[in-house]
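User: Hello! I am new to this structure and would like to understand the words people use for its parts. Could you show it to me and take my questions?

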Amino acid sequence: MLPADCSRRLVAELQGALDACAHRQLQLEQSLRVCRRLLQAWEPTGTWACEPPPEPETNEEDPLPACTPSPQDLKELEFLTQALEKAVRVRRGITKAGERNKAPSLKSRSIVTSPGTTASTRPQSPGQAGGHASDRRPTKGLRQTTVPAKGRPERRLPSVRDRTRAGIGARAPRPGAGLRNQHMAPSAAPQAPEAFTLKEKGHLLRLPAAFRKAASQNSSLWAQLSSMQTSDSMDAAAAKTQFLRNIQTASGGSQPRLSAAEVEAEARRLRKACSLLRLRVREELSAAPMDWMQEYRCLLTLEGLQTMVGQCLQRLQELRAAVVERPPLPCPVGRPPRASPSCGGGAEPTWSPQLLVYSSTQELQTLAALKLRVAVLDQQIHLQKVLMAELLPLVSAAQPEGPSWLTLCRAAHSLLCEGGARVLTILRDEPVD
Amino acid sequence: MRRRRVDPAAGARAGALPEAIAALSRSLPSGPSPEIFRRAKFDRPEATSALWQLLFRVLSPLPAGNALASIALEVQARLVKSALCSQGYPRLALAQLPEDGSKGSRELLLALSWLLARGPVLEQMLAQTRVPLGDEMTVCQCEALASLGPPAPHMEAEGPVDVRHMQWLMGKLLFRWRQLVSSQQEQCALLSKIHLYTRGCHSDQNLGHLSVTEAEMLRDPEGGQKVSGAGAAQNLDLAYPKGLHFSCTPGMGPRTFWNDLWLVPRLLPGDWAAPLDPGGASACSLLSPLRVLLRTLEHESRRLEAVLAWRRSEPVFWQWMDTVLGTCAPEAPAAASQPTFLPWVPECGDGELELVVRELQTLEEELREAVERRRVAWEAKARGCGRGPEWSAARRASRETVEKELGALQRCWEQDSGPAPAHGPHRLVRREDGAAGDRDLRAAELIRTLRSQEACLEAVLRQLQGQCRQELAGLTGALPGLIWIPPPGR
């Protein structure tokens with residue numbers, strides 16, 4: 001049995017590692033759910049199927065509590081009208097192509113939905129490129145084709161159509177947040193609904209216009225901002241440095257104090273130094289010199305390494321002296337992330353959007369796998385150091401009698417030397433008396 | 001301290017200063033009005049609490065939320081002081097300010113300007129609250145598998161624990177690692193497929209295909225179909241505190257897009273009065289998540305414009321700040337080495353440094369012994385070899401080679417490794433030819449860097465394990481009557 005405080009520390013560390021993995025696993029699974037759902041056939045949203053096609057007046061009969069201000073209503077009405085206008089246009093186009101009558105009715109039902117409209121209407125599955133509808137082969141259904149199969153009431157449609165014609169007012173059509181018109185496959189038998197899959201029709205998707213506009217404005221502003229940063233005006237930069245200098249001198253200190261970030265960066269560098277030095281020392285100590293020249297060089301290297309280790313130690317002691325740890329304030333904001341030791345450097349968090357380009361599934365998988373591997377190795381090395389610090393003293397201090405000591409040795413060997421993956425066997429071989 | 005001579009041209013640009021301050025105020029989240037800045041110059045007390053709160057927002061490492069807003073002013077002030085201290089803020093007057101917000105607005109204004117001068121604070125804050133539209137992947141390793149803060153209080157071990165329990169926990173961990181690997185491989189495959197199937201869709205030619213979040217938006221614009229209940233609730237807890245950017249978004253993969261959107265409006269100051277119910281379609285709001293998204297984008301664009309305006313009119317502001325500084329009394333020179341307080345960087349504390357110090361000390365010991373031994377042996381040998389001129393030339397040559405090698409070794413850690421991989425998430429984009437602009441990262445290069453990191457870490461791990469093996473062998477091997485059979489090799 002391990003002593004209590006040692007147990008507590010070890011269990012806490014291992015449990016922490018387990019929790020971190022569980023958390024990451026959870027994130028992955030959530031994301032997997034979303035991705036899988038996207039790759040399957042897209043279903044109509046549940047509520048949609050039962051919704052009657054909205055008429056402009058239905059807004060008031062909205063089952064949802066009417067806490068909408070009426071300007072909201074007007075906005076939604078506009079969307080609706082616009083969508084209906086599109087319906088008319090498309091329907092005319094379709095009729096010209098001599099499609100069957102079924103199409104218009106289905107279409108009008110589909111068109112009334114635009115995402116901007118209220119919750120009473122549920123928009124449909126992603127539209128296809130509406131404008132080129134007539135060019136495309138009568139497309140297989142989107143989920144609207146399944147709708148007729150559900151036996152939608154047809155009687156309301158003529159009224160909607162009428163209203164469409166009537167309701168096209170003088171409102172200037174706004175580029176709505178509308179999905180493009182879905183095209184009904186008139187010939188595609190509603191009897192055999194073809195579901196929408198990303199694989200077959202993914203390239204036909206179009207983002208809503210309003211979103212496109214907003215996103216492009218957004219990205220161009222970001223681009224402007226990043227280009228402005230790189231070509232920072234001389235005035236501004238000079239003014240800033242001058243101000244900083246002024247503040248420094250006004251406070252009487254000639255040397256700027258070390259910030260926490262700098263201390264951390266220095267500590268990180270020294271950690272890296274430590275591991276590099278250790279590796280090198282091992283190499284030199286295990287190398288067998290052939291002749292006196294090599295021996296001499298080996299000796300010189302070791303002496304040089306010794307000096308460097310001494311310098312690093314001194315620097316570390318200086319750092320420690322400079323850091324006075326106050327009792328940590330109860331920090332309600334949570335902790336900032338702990339930089340992992342292999343994280344490249346104290347780079348400023350970049351704020352400008354950047355892309356990461358990959359060219360094949362394989363590459364992406366390799367990249368992700370390597371990232372995970374490095375993180376796991378980090379975790380493993382940290383655990384190794386903690387285990388070494390706790391277990392080795394125990395093994396050396398324990399009395400080598402009794403089975404419990406053997407258990408401890410076996411466990412220590414497994415944890416420390418095999419990463420917990422394998423266990424050695426101890427064979428009791430009493431000498432024959 | 002000499003006052004700066006007021007630039008005569010500044011008079012001509014008199015209008016520029018109010019503009020600059022207005023732009024600054026617009027670009028700060030829930031920014032104080034320009035009046036506050038003006039009052040602060042004259043050290044008016046009514047400007048103080050607004051500035052404390054602003055500094056708190058700026059310095060807080062996590063994106064704001066309702067939780068932060070409810071912290072008392074005194075606590076905020078104290079945290080601001082320690083954060084500034086840990087960043088190396090030189091003015092002592094700030095540390096001596098009362099924390100109740102009764103005075104000190106000029107000092108706070110100076111502190112704010114100091115922060116603004118040191119780094120791109122506004123841009124960083126904007127990046128913090130960006131809603132990622134793409135599939136984001138971080139390049140650096142921060143938070144890759146970091147622990148979630150203080151250990152959960154479910155620690156069973158209150159007493160002594162059998163060491164075999166540790167072995168069991170370790171085995172569990174090994175299994176979880178394997179599980180992570182396979183889940184991640186699957187996720188990459190699916191993500192890649194989605195990118196492949198939607199190529200040619202995106203309006204932005206640079207991107208070329210939809211991301212999962214965008215595809216999800218098209219599939220389910222109303223957000224009516226959410227991820228199953230439990231998942232949704234958890235996503236809210238984990239997704240946002242993990243930050244968007246400042247604290248490096250973990251890994252890759254889209255969070256459930258719509259659940260995040262319910263949270264975003266909490267960041268929008270003022271104009272978003274209705275608290276949205278994250279659990280489901282809110283009864284009070286009839287706006288679809290798409291509309292919410294559009295509003296967020298618009299809001300962000302307004303702030304971006306404000307930051308651009310600020311950048312253009314910056315020089316005027318700095319001149320003004322110099323005058324503000326001029327009105328302060330000069331401080332007495334501080335004691336040479338003020339201790340640096342690190343309350344907001346608890347992890348960098350003594351724990352890590354301790355381990356390193358101990359390692360270096362062991363190393364030093366080892367080296368001392370080895371060097372002594374070898375030096376003695378060498379001197380004995382060298383005495384016998386004579387002292388011809390080739391001898392000393394050879395020795396000099398060896399010395400130089402060794403110096404060069406060691407210098408290279410030292411440079412390995414003194415210089416930062418090349419172009420440091422940027423923190424923060426990057427949007428994943430699939431391109432068959434792998435062409436990338438100069439600001440973009442290529443997967444192939446990252447793979448190379450990661451491979452070398454991996455090799456380095458594996459070497460360290462192997463070496464540590466070898467060390468343990470030696471020590472344990474030393475401790476256990478001497479006992480009679482026991483045979484130690486190592487496990488079958490890998």
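Analyst: Happily; this is a predicted model, and we can go through its chains, a helix, the cores and some single residues.

User: How do you know how confident the predictor is about chain A?

Analyst: The confidence score, pLDDT, runs from 0 to 100. Chain A averages a pLDDT of 70, and 61% of its residues score at least 70. Two stretches stay under 50: residues 46-69 of chain A, with 46 contacts beyond four places in sequence, and residues 325-347 of chain A, with 55 such contacts. Please read those two stretches with care.

User: What makes up each chain, in helices and strands?

Analyst: Chain A has 13 helices and three strands. Chain B has 18 helices and five strands. Buried residues account for 51% of the 433 residues of chain A and for 52% of the 490 residues in chain B.

User: How do you know which residues, by distance along the sequence, the contacts in each chain join?

Analyst: We look at contacts between residues at least 6 apart in sequence. In chain A, 80% of these join residues at least 24 apart. In chain B, pairs 24 or more positions apart account for 74% of the contacts with a separation of 6 or more.

User: What makes up the accessible surface of each chain?

Analyst: For chain A the accessible surface is about 19200 Å², and 54% of that belongs to carbon and sulfur atoms. For chain B it is about 21800 Å², with 55% belonging to carbon and sulfur atoms.

User: How do you know whether the length of helix α13 of chain A is close to or far from what is expected?

Analyst: Helix α13 of chain A covers residues 402-417, which is 16 residues. The expected span is 1.5 Å times one less than the number of residues, which here gives 22 Å. The helix reaches 23 Å from its first C-alpha to its last, so the span is close to the expected one.

User: Why is C409(A) called buried?

Analyst: Buried means under 20% relative accessible area. C409(A) has 2%, so it counts as buried. C409(A) has buried company in α13(A), including W405(A), L406(A), L408(A) and L415(A).

User: What covers the buried residues of α13(A)?

Analyst: Both chains contribute to the cover. From chain A it includes α12 and β3, and from chain B it includes α10, α18 and β5. After the helix comes G419(A), whose phi is positive, near 65°.

User: What makes a group of residues a nonpolar core, and which residues touch the most other members of the largest one?

Analyst: The members are buried nonpolar residues joined through side-chain atoms within 4.5 Å. The largest such core has 93 residues, and F211(A), L416(A) and M166(B) touch the most other members. Helix α12(A) gives the most to this core, with 17 residues. A second, separate core has 62 residues, among them L51(B), Y89(B), F317(B) and C328(B). As for L416(A), its contacts beyond four places in sequence include L387(A), M388(A), C468(B) and L472(B).

User: How do you know how many disulfides there are?

Analyst: A disulfide needs two cysteine sulfur atoms within 2.5 Å. By this rule the count is zero over all chains. Take C188(B): the closest cysteine sulfur, in C35(A), is 9.8 Å away, so the two are too far apart for a bond. C188(B) is also buried, at 0% relative accessibility.

User: Why is E458(B) called partly exposed?

Analyst: Partly exposed residues fall between the 20% and 50% cut-offs. E458(B) is at 23%, so it belongs in that class. It sits in helix α18 of chain B and is in contact with R373(A) and L377(A), leaving aside neighbours within four places in sequence.

User: What makes the phi of D43(B) worth a look?

Analyst: Most residues other than glycine have a negative phi. D43(B) is not a glycine, yet its phi is positive, near 60°. D43(B) is found in the loop between α3 and α4 of chain B, and at 31% relative accessible area it counts as partly exposed.

User: Is R291(B) buried or exposed, and how do you know?

Analyst: R291(B) has 12% relative accessibility, under the 20% cut-off, so it is buried. R291(B) lies in helix α14 of chain B. Its C-alpha is 9.5 Å from that of P221(B), although the two are 70 residues apart along the chain.

Note on methods
Residues are numbered from 1 along each chain as its sequence is written. Chains are lettered from A and ligands numbered from 1 in the order in which they are written. Side-chain values use heavy atoms; hydrogens and water are left out. Contact means heavy atoms within 4.5 Å. Helices (H or I, at least four residues) and strands (E, at least two) are DSSP runs, numbered from the N terminus. Buried means under 20% relative accessible area, exposed over 50%, partly exposed in between (1.4 Å probe, protein chains only). Accessible areas come from the Shrake-Rupley method with a 1.4 Å probe; for residues, only the protein chains shown count as cover.
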